[in-house]
Amino acid sequence: YFEARARSRASRAIRALLELGAKEARLLVDGEERMVPVEQVHVGDRVRVRPGEKVPVDGVVIDGASAVDESMLTGESIPVEKSPGATVAGATMNTSGALTVRATAVGRDTALAQIVRLIEQAQASRAPVQRLVDQVAAIFVPVVLAVATATFAVWWLAVGDATGGLIAAVAVLIIACPCALGLATPTALMVGAGRGASLGVLIKGGEVLQRARRLDIAVFDKTGTLTRGEMSLLDVEASADIASEEVLRRAAAVEADSEHPIATAIVRAARERGAERSVATAFTVVAGHGAVASVDGTRVVVGRRKLMADEGLEPSAELERTASQWEALGRTAVFAGWEGRVCGVLAVADTVKPDARAVVDELHQLGIEVAIITGDNARTAEAIAREVGIDRVLAEVLPEDKVSEVARLQERGRVVAMVGDGINDSPALVQADLGIAIGTGTDVAIESSDITLMSGDLEGVVTAIGLSRRTLRVIYQNLGWAFGYNIAAIPLAAVGALHPVIAAAAMATSSVSVVSNSLRLRRFGRARSSPSGAAATRLTTAAVERLRA
């Protein structure tokens, strides 16, 4: 039954993943656009992708320039600049300019279809977890029946008291009734799952608890998991004769008409810092490099080094040194210049979540090594790792290789927890011994995981692992009590020291003890922020219904 439900959940996750692809494509035929179902696009066909549309197939850009949001595949928040010769993946979002793309892979050969196959393969390769109680019960029940039969036979044949033998045999059967054994696991799971839900942690099944107990490494995805998943302005450095506020004001005026995440971060920071609003005119985007506009009658250039060089603007040695230091910390340096020189530089980055350092420290206290896995460059990943105290860096890892990295760790004997939120994390979440999905992520990631955190709060990772281990410990305590009770009581019943009525009372007491021990899990909790109020109630209820369905 549980395996059937798991397969059903997996198929729903895969269907949801496939639905992210474009349903139609603008096929170019003799220079004219025709809207056709994406299934009718063949390798070699040319398709037009307008701003705000999804790329229908994998292909190569042959005309146009734009920024493509690949976060649904790569998990990275910054759109990637595309120009002729660049490759694009199906189901990614074109954010600005129009592109003409020549199809190189369609249908089951696209990157999206490959991720679907990775999920299917990872799920098929997972060995079923043998349940301890089922194993023991298969032996326990026949043994008890044999003991009861032997008790009656000894009393009747050796003692000559068939009535006493019958009473003793009945007492053995009553005292050995596996009620406590049957309650040991489900009551702990029920209480633990209920407590987890109240803390924003959803645990999908008892086998998850056994894997959580043996964890020795936790692998975190970067974007949206360790970081906020959105760009923020961190610092502004200006030339000695110019105020940093002026640099921010002019840069924000230029970027106000841009939809690029870096531009959005600059504009938002200017608004939050109360910078004077200015209206830019003659706005022009230089694809992949920045933007140019007129602010207060002055031509202002904002963007990367190459754009500054193309415009004949040179940064001072001090500004160049500052920019290099920021880049070494994994930040993006954005230059702003006017009147023949670079006047300032702005640092923009995807900031780390405030609780990341504390969570990593707590995982270390639990004896768990922590790693970061990302498609970003090694310098950015290492900077974040140093900031939060992460032990191992897995950088420049392609989406399809994340599952391979997890499998490689498992081949070395490691018990791996994978924490992620994006579609690209789904195969790795399935492959890992314990998949933990951030609830602010995609539905596919949530469906592919073993544990779902109902908020983006990383403290939930520690709570999930701690609750899983505590619940499993309670299960073992319940089983120990149930077996200990039977081992001690069965011999007493066999020799006639326990009347069936007393045996029935003792059996009931054993069951109550197991339930009471399980109820202790209701007191499990951590000093952390958790979803509250009506919004949290709606979130948790919706998630529970989705996972239950």
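**Exercise 1. Salt bridges across the chain**

The structure, a predicted model, holds 17 salt bridges. Determine how Asp221 and Lys402 are paired, and which elements their salt bridge links.

Solution.
Step 1. Check the distance. The closest N and O atoms of Asp221 and Lys402 are 2.9 Å apart, and the cut-off for a salt bridge is 4 Å.
Step 2. Place the partners. Asp221 belongs to strand E11 (residues 217-221) and Lys402 to helix H15 (residues 399-411). With their positions 181 residues apart, the pair links distant parts of the chain.
Step 3. Classify the surroundings. Both Asp221 and Lys402 are buried.

**Exercise 2. Salt bridges within a helix**

Two further pairs are Arg357 with Asp361 and Glu405 with Arg408. For each, state the N to O distance, the spacing in the helix and what is known of the exposure.

Solution.
Step 1. Recall the geometry. An α-helix has 3.6 residues a turn, so residues three or four places apart point the same way.
Step 2. Take Arg357 and Asp361. Both lie in helix H13 (residues 356-365), four residues apart, or about one turn of the helix. Their side chains meet at 3.7 Å, N to O.
Step 3. Assign exposure in H13. Arg357 has a relative accessible area of 39% and is therefore partly exposed. Asp361, at 29%, is also partly exposed.
Step 4. Take Glu405 and Arg408. The closest N and O atoms of this pair are 3.0 Å apart. Because they are three residues apart in helix H15, about one helical turn separates them. Arg408 is partly exposed, with 35% relative accessibility.

**Exercise 3. A salt-bridge network**

Which residues are linked with Arg26 in a network of salt bridges?

Solution.
The network joins Arg26 to Glu33, Arg48, Arg50 and Glu53.

**Exercise 4. The buried side of helix H12**

Compare the expected span of helix H12 (residues 317-328) with the distance between its end C-alpha atoms. Then find how its buried residues are arranged, and what they pack against.

Solution.
Step 1. Work out the span. H12 has 12 residues, and at 1.5 Å a residue it should span 16 Å. The end C-alpha atoms are 16 Å apart, which agrees.
Step 2. List the buried residues. In H12 these are Leu319, Thr322, Ala323, Trp326 and Glu327.
Step 3. Find their side. They cover an arc of only 135° around the axis, so they lie on the same side of H12.
Step 4. Identify the partners. The buried residues of H12 pack against three strands and two helices: strands E12 (227-238), E16 (332-338) and E17 (341-352), and helices H11 (305-310) and H14 (378-388).
Step 5. Look past the end. Just after H12, Gly330 takes a positive phi of about 85°.

**Exercise 5. A nonpolar patch**

Which residues make the nonpolar surface patch of about 250 Å², and where is Leu145 found?

Solution.
Step 1. The patch is made by Val141, Leu145 and Leu173.
Step 2. Leu145 is found in helix H4 (residues 132-159).
Step 3. Leu145 has 48% relative accessibility and so counts as partly exposed. Patch residues need over 30%.

**Exercise 6. The whole protein**

Describe the protein by its elements, burial, contacts and surface.

Solution.
Step 1. Elements: there are 20 helices and 22 strands.
Step 2. Burial: of the 549 residues, 50% are buried.
Step 3. Contacts: among those between residues at least 6 apart in sequence, 67% join residues at least 24 apart.
Step 4. Surface: about 24,700 Å² is exposed, and 55% of it comes from carbon and sulfur atoms.

Technical notes: Residues are numbered from 1 along each chain as its sequence is written. This is a predicted model: local features need pLDDT of at least 70, side-chain atom pairs count only at pLDDT 80 or more; totals for chains, interfaces and linings use all residues. Side-chain values use heavy atoms; hydrogens and water are left out. Patches are made of residues with over 30% relative accessible area and no salt bridge: like charges are joined within 9 Å, nonpolar side chains (Val, Leu, Ile, Met, Phe, Trp, Tyr) within 5 Å. Accessible areas come from the Shrake-Rupley method with a 1.4 Å probe; for residues, only the protein chains shown count as cover. Buried means under 20% relative accessible area, exposed over 50%, partly exposed in between (1.4 Å probe, protein chains only). The expected span of a helix is 1.5 Å times one less than its number of residues. The arc is that of the directions from the helix axis to the C-beta atoms. Contact means heavy atoms within 4.5 Å.
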